[in-house]
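Me: I would like to work through this model by asking about its helices, its chains and the place where the chains meet. Please reason each reply through to the value or name I ask for.

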Amino acid sequence: MTDHTAVVVGGNRIPFARSHGAYSRASNVDMLTAALDGLAARFGLAGHRVGEVVGGAVLKHSRDFNLTREAVLGSSLDPHTPACDLQQACATGLEAAIYVSNKIRLGQVADGIAGGADSVSDTPMAVSDGLRHALLAASAAKTLPARLAALAAIRPGDLVPDPPGITEPRTGLSMGEHQALTTTRWGVTRADQDELALASHQNLARAWSEGFFDDLVTPYLGVTKDQGVRADTTLEKLAALRPVFGRGEGATMTAGNSTGFFDGAAVTYLADADYTAERHLPALARVVDAEVAAVDYTIGGEDLLLAPTYAIPRLLERNGLTWQDFDLYEIHEAFAATVLATLDALADETYCRERLGLGGALGEIDRTKLNVNGSSLAAGHPFAATGGRIVATLAKLLHQRGTVDGRPARGIVSICAAGGQGAVAILEAC
Amino acid sequence: MPAKRDPLEVIATTPLVRAVASSPIGRSVATKLGVPPAVELRRGRTLPKGPVVLAALHDAMIAARTLALLRVDVIRPVVDTPDARTVGESGRPVPPGYDSRIGALVLDLTGLRTVDDLEFARGVLRPAVRSLEPSGRIVIVARAPESYDELEPGVIAQGLDGLNRTVAKELRAGATSNLIWVEPETSPQALASTLRFLLEGRSAYVDGQSWRVAAAEVADDVADSTRPYDGRLVAVTGAARGIGAAIARTLARDGATVVGIDVPASGEALASVVNEIHGTALQLDITLPDAGDRIAAHVVDRYGPDARLYAVIHNAGIIRDRMLANLDEKGWAAVLQVNLAAQLRMNEALLDGRPGGLADGGSIVGISSTSGIAGNKGQANYATSKAAIVGLVRALAPRLAARRITVNAVGPGFIQTEMTAAIPYLQRQVFQRSNSLSQGGKPVDVAETIAYLADPASAGVTGQVVRVCGQALVGQ
């Protein structure tokens, strides 16, 4: 078998919009299609049969069982392009990129597109289990009396629609409530969280004004820029916000240092390095390796959002790297406190020894290398779209750096996900 | 793309006309009083239905050879002479005529020597204009006035300009007349693209114009190609909508791989155009100092380290209309930056020989405007920028001649775009009827003319500004 190298060619996303706003009438299929079409235009993929398109959504209608394939059929790509739906909560976009790069590395496809879309505005709503059971029984009934008897079982309370859960089914706690526990446990301060949020806004605003996103974003429905970014925010403004998660002393998480609800879609174009040369495609960064981990947050009481702390050391060890060996760190800002707790945990001797089974702490990192062009706090976080946003952003940043100390610039992506999971990947500049 | 406004705005924007035009009743009355519906022009790569008449003075051969190269069959002309006339029912003399409608008259006057020779032109034109089919064509081929050493033929050749413009005004039902000036050395191969363009529907909205086709090396197969852009890369700025989108589509139809460029904010529309024609999109503000570098980088990135652009179509432009009395430095600079300065900068970068830049033997096409040629109230900034494009074409063409790069421009008149559709009904009627074809042009008309100018077979066409205005009443 010949060696295959998977590289990030580029990416495309639509600007992330506040939910119930500009994209309120757009479905996940619509947004993913738009993201694919923008990518196709950028790289001349109209009419091209891509090896496979892989994507998903966290909030997904049952009718969208073939979300990604439907988006492909609605796009300018060759309809012979196969597609597959994949979902891993907020890590969906990154997991999709890992899936595609693995297929490329195995030589199964020469190119592929990974991504995801999510709409909080177009959230599916289910009927209650009571109503659903009654309707199913009625439809199965053979006679009219039997049908009526089945329907008679419906109680008024059954008529209340069942919105999708944003709480962890096993704990009943929301993501924010889980993070609040972690925030308190790790003693992450309000000031540190606000400072991280401010940096995210300032960095993203600068990147936009520098035109960094000119070849990463295609406008959609009149929105030309991420709606979450607040170039004019200040520590004072952030400090004035009321906490929304946690209690008492531990109530440090506000709407300013937590991600809000957004709609959006993002895709990344990956290909075999040889293929990029053949087809005259750019190669921004090589996908070096990836690791996914999960924590026992139910019985074991571990931190729901700190699964990446398990994935990172395993990935580092496999690649003979240390936590300090990166020029750029992209740690998804579900909450400012998630990023800070992740960094604290990896610098904590006891946690690294006892929880992670390591010989000692991984240590601190140079914070000036972290989320240098902003992250989810400013850009917004349409769940499944975040991975695509980060992978493309990091690949472009690495390509711009080129080499550092005579070796390719190296970066790491870390995304925490519901269910106590976390996906991490290493990229290296081409 | 900016709305192409006609100076007749003076009439159409008077408060009374404006008020009447905007009212539902006024609109209905205007419709009923019957401004007649405009004739549907023949468009696309279509030849006239009727036969093409070839009339050559003395021993002139270039038109005949060019038509043979294009495999266009011709018939002999009917000539009006006193002897050929018959007496009609009313007792008046009737000139001789054709048995049926003719599609076009190609009048080769390159053999012109004396004032008396002009009688031949009259004698051929008289029966022809009486029998010309709708969207028919008169094409006059003559030697450029300055190409004569002798006085008399040079003087007469210039006189043909007035003849052509008058024929164009007298023709009806979408028929057009245009004049092509050639050099003694211009070959049939070099003339072919121009003659084909003028006979075909592609020149639908070009009327009453005259321009030059110089001598140039053009191979037979190049001269006769209907997909002249096969394997060629063309960059189009402002490609997301309107005229720019039409240019991209037309060039793609003729075989080009198109790099569509537009501001990042227009990315969605740009992606849709580019995907439709299987090109690539470059979201770029062309006023950036390094816009040319970025275009070249995109070309190399997407099409390989040795790739070069065959042509650049500078279509992007904006309007910021203000009467001079109200025009501040911002409204002035914005238009001059986008419409002129950006173009100069991009040309400089793309012409320095770098990979991804413009190839030798390539082409640059700019967009001027009726406003630039005639001036237009409220458009001091725009008219300045558009007249400067004429200057750019004239100055750059000779400088790039050694590299066989042609530099030309189109001058659109009233073109129907989304933007001009917003003008109130009556006002719009006044604008679009103020030309010999009594209708507005379509974006594709501008696009077709650009595709002709940048055609590899049009190597002999450089330094020219071809108006696409239906022979608008204003300007030249």
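Me: What is the distance between the end C-alpha atoms of helix α7 of chain A, and what should its 20 residues span?
Reply: This is a predicted model, in which local features need pLDDT of at least 70, side-chain atom pairs count only at pLDDT 80 or more, and totals for chains, interfaces and linings use all residues. Residues are numbered from 1 along each chain as its sequence is written, while chains are lettered from A and ligands numbered from 1 in the order in which they are written. Helices (DSSP runs of H or I, at least four residues) and strands (E, at least two) are numbered from the N terminus, and the expected span of a helix is 1.5 Å times one less than its number of residues. For α7(A), residues 190–209, the end C-alpha atoms are therefore 29 Å apart in agreement with an expected span of 28 Å.

Me: Which residue with a positive phi follows α7(A)?
Reply: The phi of the residue in question is near 80°. The residue that follows α7(A) with this positive value is A:Gly211.

Me: At what angle do α1(A) and α2(A) pack, and is their crossing right-handed or left-handed?
Reply: Axes are lines fitted to C-alpha atoms, for helices over the stretch in contact, and angles run from 0 to 180 degrees between N-to-C directions. Helix α1 (residues 28–43) and helix α2 (residues 67–74) of chain A have axes 8 Å apart and pack at about 55°, which makes α1(A) oblique to α2(A), given that angles under 35 degrees count as roughly parallel, over 145 as roughly antiparallel, 65 to 115 as roughly perpendicular and the rest as oblique. A crossing is left-handed if the near helix is turned anticlockwise from the far one by less than a right angle, and right-handed if clockwise. The angle is thus about 55°, and the crossing of α1(A) and α2(A) is right-handed.

Me: Which residues of α10(A) make the contact with α11(A)?
Reply: The axes of α10 (residues 308–318) and α11 (residues 336–346) of chain A come within 10 Å and cross at roughly 50°, which makes α10(A) oblique to α11(A). Two residues are in contact if their C-beta atoms, placed from the backbone, lie within 7 Å. On the α11(A) side the contact is made by A:Thr342, A:Ala345 and A:Leu346, and on the α10(A) side by A:Pro308, A:Thr309 and A:Ile312.

Me: How many charged residues has the contact of α5(B) with α6(B)?
Reply: The axes of α5 (residues 118–131) and α6 (residues 151–170) of chain B come within 12 Å and cross at roughly 10°, so α5(B) is roughly parallel to α6(B). The residues that make this contact include B:Leu118 and B:Leu125 of α5(B) and B:Ile156 and B:Glu170 of α6(B). Ala, Val, Leu, Ile, Met, Phe, Trp, Tyr, Cys and Pro count as nonpolar, Asp, Glu, Lys and Arg as charged, and the others, Gly among them, as polar. By class, the contact of α5(B) with α6(B) has seven nonpolar residues, no polar residues and, as charged residues, one.

Me: What radius of gyration has chain B?
Reply: The radius of gyration is taken over C-alpha atoms, and the globule rule is 2.2 Å times the number of residues to the power 0.38. Chain B has 16 helices and 15 strands, and its C-alpha trace spans about 70 × 60 × 40 Å along its principal axes. With 476 residues, a compact globule would come near 23 Å, and chain B agrees, with 23 Å.

Me: Which element of chain B gives the most to the side that touches chain A?
Reply: The contact takes 18 residues from chain A and 19 residues from chain B. On the side of chain B, at least two residues each are supplied by β11 (280–283), α11 (291–303) and α10 (267–276). With seven residues, the element that gives the most is α10(B).
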